[in-house]
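Thanks for coming, everyone. Today I would like to walk you slowly through one structure, and I will explain the terms as they come up.

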Amino acid sequence: MPKRSLKQLYQSEFTGYSLHKLQQDALAGLTVAAVALPLALAFGVVSGATAAAGLVTAVLAGFIMGALSGAPFQISGPTGAMSAVLIVLAQKYGMNGVWIAGLMSGLFLLVIGLLRLGRFIAFIPSPVITGFTSGIALIIFIGQIDNFFGVSTASASSSLLKFVNYFKGGFTPDWHAMLLAGIVMATMILWPKKWNAKFPASLLGIILATGINLWVKWPVSVIGSIPRTLLLADRLTLANIPWANLTEYLGPALTITALGAIESLLCGTVASNMTGTRLQANQELIGQGIGNMVIPFFGGVPATAAIARSSVGIKSGGQTRLVSIFHALGLLLSMFLLAPVMEKIPLAALAGVLMVTAYRMNEWDSIRFTFKKRFKTAIIAFSITMLATIALDL
């Protein structure tokens with residue numbers, strides 16, 4: 001299939017567009033928003049930023065990256081893999097460093113797309129990607145153990161060491177937090193898949209846990225203030241950019257760039273198989289680049305295309321990229337209308353969402369196939385990548 005410009009993509013999508021398709025897009029977009037809301041809040045917190053930053057990221061990514069994407073089905077926002085990388089960067093460089101690296105990565109993604117180099121991402125071996133994904137899942141899971149137990153333990157130089165430290169004790173779990181997290185996890189695990197399409201289990205679990213905590217008023221940590229604005233007080237400004245020392249952020253920027261490109265194009269490949277519509281990889285990278293250049297100036301974190309959200313949009317009958325726009329509008333409305341309630345969401349409830357999400361992030365079918373067939377090279381590549389991801393500096 002020949003490569004298409006953004007204008008041609010729009011013509012292909014919206015030729016013969018009707019009121020019925022608009023209604024389908026609107027319904028699909030609002031369904032995706034219901035799925036994206038708890039994830040945006042959770043990934044904002046786990047990135048080292050705030051729930052508000054995650055929400056702002058999801059809204060802006062939905063508008064900008066959705067409008068500029070290389071396919072009608074791509075829906076972007078904060079993701080688990082990106083969040084696991086960002087928390088490490090935030091600890092080392094602070095949020096200003098994350099914003100600077102995010103801005104630089106956006107520029108790199110834009111250049112890669114303009115130079116039409118997106119196809120080279122496909123040469124990364126599958127076991128390496130699978131191992132990295134599993135390592136990221138473990139980082140997210142381990143990073144939420146504190147919130148699950150309702151405690152605050154000392155930081156460690158790696159996620160592996162942090163996990164080992166839990167076995168040394170020295171902390172007293174809060175059963176209130178554990179119960180709230182358990183309610184969310186049980187809801188996500190037990191809620192039937194056919195019902196999940198109509199009402200996301202993660203959102204239901206958070207509603208239940210938050211409602212119970214508002215009723216009984218347990219002393220657990222909550223999200224806290226969510227500003228009713230897209231322009232957060234804590235954000236990147238031109239004055240905050242250390243122009244003379246930008247090389248210090250080159251490594252983090254390249255990490256975000258590589259992850260953003262891989263995750264977006266993998267999402268596109270999965271969604272292409274679901275829809276039969278080919279992703280224009282270079283246009284996708286251009287959209288991701290522009291979005292990530294804008295988001296830091298609003299206080300958001302780097303974003304990328306998300307498989308979970310994109311697949312929900314497809315399964316909900318979405319027809320065009322307006323699904324991403326409607327999803328962003330839904331999140332924006334929730335920021336203004338539901339902020340007083342979202343501020344009361346227990347961090348333990350978000351931990352429950354993230355722990356189940358981390359488990360589901362693993363490519364279990366691929367892992368089982370690799371180990372069942374005993375592909376030694378693939379097993380070694382997977383294992384080394386996974387262990388390096390959780391033991392070393394990302």
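I will talk about three pairs of helices and then about one pocket.

Before that, please keep in mind that this is a predicted model, in which local features need pLDDT of at least 70 and side-chain atom pairs count only at pLDDT 80 or more, while totals for chains, interfaces and linings use all residues. Residues are numbered from 1 along each chain as its sequence is written, and side-chain values use heavy atoms, with hydrogens and water left out.

Two packed helices are described by the angle between their axes and the distance between the axes. The helices themselves are DSSP runs (H or I, at least four residues), numbered from the N terminus, and the axes are lines fitted to C-alpha atoms over the stretch in contact, with angles from 0 to 180 degrees between N-to-C directions.

Let us begin with H5, residues 126-143, and H16, residues 347-361, which pack at about 165 degrees with their axes 8 Å apart. These two helices are therefore roughly antiparallel, a term for angles over 145 degrees, just as angles under 35 degrees count as roughly parallel. On the H5 side, the contact (heavy atoms within 4.5 Å) includes Thr-133, Ile-136 and Phe-141, and on the H16 side it includes Leu-354 and Met-361.

How do H4 and H12 cross? Their axes come within 7 Å and cross at roughly 155 degrees, so H4 and H12 are roughly antiparallel as well. Among the residues that meet here are Gly-102, Gly-106 and Gly-113 in H4, and Asn-282, Gly-289 and Met-293 in H12.

The third pair, H11 (residues 250-275) and H13 (residues 307-315), packs at an angle of about 15 degrees with axes 10 Å apart, and that makes H11 roughly parallel to H13. Cys-267 and Val-270 are among the H11 residues that meet H13, where Ser-310 and Lys-315 are among the partners.

Finally, the second largest pocket has a volume of about 760 Å³; a pocket is, on a 1 Å grid over the protein atoms alone and with a 1.4 Å probe, an open set of points with protein on both sides within 12 Å along at least five of seven lines, and lining residues have an atom within 4 Å of a point. Of its 30 lining residues, the closest to the centre are Ile-87, Gln-91, Gly-143, Ser-159 and Lys-162. Which helix gives the most to this lining? That is H4, with 5 residues.

Notes:
Angles under 35 degrees count as roughly parallel, over 145 as roughly antiparallel, 65 to 115 as roughly perpendicular and the rest as oblique. Grid points are joined across faces, edges and corners, and a volume is the space filled by probe spheres set on the points.
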